[in-house]
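Reader: I am in my first year and should be grateful for a close look at the interior of this protein. Please explain it step by step, beginning with the charges and the chain as a whole.

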Amino acid sequence: MLKGIIFDFDGVVAESVQVKTEAFGNLYKLYGDNIVKKVIKHHETNGGMSRFEKIKLYHKSFLNKVITNQEIEELANQFSKLVVNKVVESPYVPGVLDYIQKCTKKYRLFISTGTPTNEMSQILDRRGISKYFIEVYGSPEKKYAHISKIMSKYDYHPNELIFYGDANTDIDAAEKANIPFVLIKNSFNEKLVNSFKGKIINNFKGLS
């Protein structure tokens with residue numbers, strides 16, 4: 001019997017994936033178009049991975065540069081300034097707000113995202129939807145750690161949860177925790193949609 005629902009945010013609650021893509025492009029544009037293309041390609045195929053991990057990886061793999069934690073933090077702050085307002089203003093995935101409003105009366109709702117927890121909480125507040133979610137989990141913790149904490153704190157069995165996500169990191173975390181997963185289809189995860197064998201939906205219209 002379902003007791004809790006976990007939502008990723010970008011591409012699942014809000015149509016904000018493109019906002020993050022453009023921000024990574026801006027962050028690396030001083031290194032030239034070739035680097036920007038590599039960054040964007042990786043970003044688009046690794047949704048849900050935290051910006052801290054991505055920045056470290058891009059500097060090492062694409063720029064052949066070792067970057068300090070302080071430098072990562074500075075770039076992550078730049079990234080945050082580029083995205084927060086735009087994410088707040090992004091449209092909802094069709095049907096998701098109605099679905100959240102219905103489900104919050106029957107189940108505990110959670111956010112599990114690669115966005116830093118404080119930033120995600122700020123976005124939810126500014127969108128006026130933080131009241132629907134019991135807890136918000138973000139980076140630097142991984143999504144499997146989020147699920148483990150939820151299961152431990154609320155004494156849930158795997159079949160009492162469901163995870164809505166749109167990226168490999170979401171699928172991997174759900175599979176590792178053995179909880180049911182539903183993939184949200186969008187224009188950024190076509191390859192994943194083609195290879196995924198589980199349940200796939202276009203949006204939340206008509207779900208109850």
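Author: The 30 positive charges of the protein have a mean position that lies 2 Å from the mean position of its 23 negative charges. This distance, like every other value below, is computed from a predicted model. The accessible surface comes to about 10,700 Å², and carbon and sulfur atoms account for 49% of that area.

The frame around the interior may be described next. The protein contains nine helices and six strands. Along the principal axes, its C-alpha atoms fill a box of roughly 50 × 35 × 30 Å. For a chain of 208 residues, a compact globule would be expected to have a radius of gyration near 17 Å; the protein has 17 Å, so the two agree. Of the 208 residues, 49% are buried. Among contacts with a separation of 6 or more, 65% join residues that are 24 or more positions apart.

We now come to the interior itself. The largest nonpolar core has 45 residues. Those that touch the most other members are Phe-7, Phe-9, Tyr-28, Ile-55, Phe-133, Tyr-164 and Phe-204. Helix H4, which covers residues 69–89, gives the most to this core, namely eight residues. A second core, separate from it, has 20 residues, including Phe-163, Ala-173, Ala-174 and Phe-181.

Phe-204 illustrates how parts of the chain meet in the largest core. Neighbours within four places in sequence are left aside in its list of contacts. With these excluded, Phe-204 is in contact with Phe-7, Val-12, Val-93, Pro-94, Gly-95, Val-96, Tyr-99, Tyr-164 and Ile-184. Two of these partners, Phe-7 and Tyr-164, are named above among the residues that touch the most other core members.

Ile-123 offers another view of the interior. Ile-123 belongs to helix H6, residues 117–127. Its relative accessible area is 1%, which is under the cut-off of 20%, and Ile-123 therefore counts as buried. Beyond residues up to four places away in sequence, Ile-123 touches Phe-9, Val-84, Val-87 and Val-88. Phe-9 is itself one of the core residues listed above. Between the C-alpha atoms of Ile-123 and Gly-32 the separation is 31 Å, and along the chain these two are 91 residues apart.

Buried positions in this model also include two histidines. His-59 sits in helix H3, which spans residues 51–61. Because its relative accessible area is 6%, under the 20% cut-off, His-59 is buried. Apart from its neighbours within four places in sequence, His-59 is in contact with Tyr-28, Tyr-31, Asn-64, Lys-65, Ile-67 and Leu-75. Tyr-28 appeared earlier as one of the core residues. The second histidine, His-43, lies in helix H2 and has a relative accessible area of 8%, so it too is buried. Beyond four places in sequence, His-43 is in contact with Val-17, Lys-20, Thr-21, Phe-24, Lys-54 and Tyr-58. Although His-43 and Thr-21 are 22 residues apart in sequence, their C-alpha atoms are 6.9 Å apart in space.

Met-49 is found in the loop between helix H2, residues 33–45, and H3. Outside its neighbours within four places in sequence, Met-49 contacts His-42, Lys-54, Leu-57 and Thr-169. Lys-54 also appears among the contacts of His-43. From Met-49 to Lys-197 the distance is 22 Å, C-alpha to C-alpha, and 148 residues separate the two in sequence.

Let us finish with some details of the backbone in the loops. Most residues other than glycine have a negative phi, and most peptide bonds are trans. Asn-64, one of the contacts of His-59, has a phi near 55 degrees, a positive value in a residue other than glycine. Asn-64 is placed in the loop between H3 and H4, and its relative accessible area of 71% is over 50%, so Asn-64 is exposed. Asp-155 likewise is not a glycine and has a positive phi, of about 55 degrees. The loop that holds Asp-155 runs between H7 and strand E4, residues 161–165. With a relative accessible area of 63%, Asp-155 is exposed. Finally, the peptide bond from Ser-139 to Pro-140 is cis, with omega near 20 degrees. Pro-140 is in the loop between strand E3, residues 135–139, and helix H7, residues 143–154.

Key: Residues are numbered from 1 along each chain as its sequence is written. This is a predicted model: local features need pLDDT of at least 70, side-chain atom pairs count only at pLDDT 80 or more; totals for chains, interfaces and linings use all residues. Side-chain values use heavy atoms; hydrogens and water are left out. Helices (H or I, at least four residues) and strands (E, at least two) are DSSP runs, numbered from the N terminus. The radius of gyration is taken over C-alpha atoms; the globule rule is 2.2 Å times the number of residues to the power 0.38. Buried means under 20% relative accessible area, exposed over 50%, partly exposed in between (1.4 Å probe, protein chains only). Contact means heavy atoms within 4.5 Å. Accessible areas come from the Shrake-Rupley method with a 1.4 Å probe; for residues, only the protein chains shown count as cover. Lys and Arg count as positive and Asp and Glu as negative; His and the chain ends are not counted. The place of a charge is taken as NZ of Lys, CZ of Arg, CG of Asp or CD of Glu. A nonpolar core is a set of buried Ala, Val, Leu, Ile, Met, Phe, Trp, Tyr and Cys residues joined through side-chain atoms within 4.5 Å.
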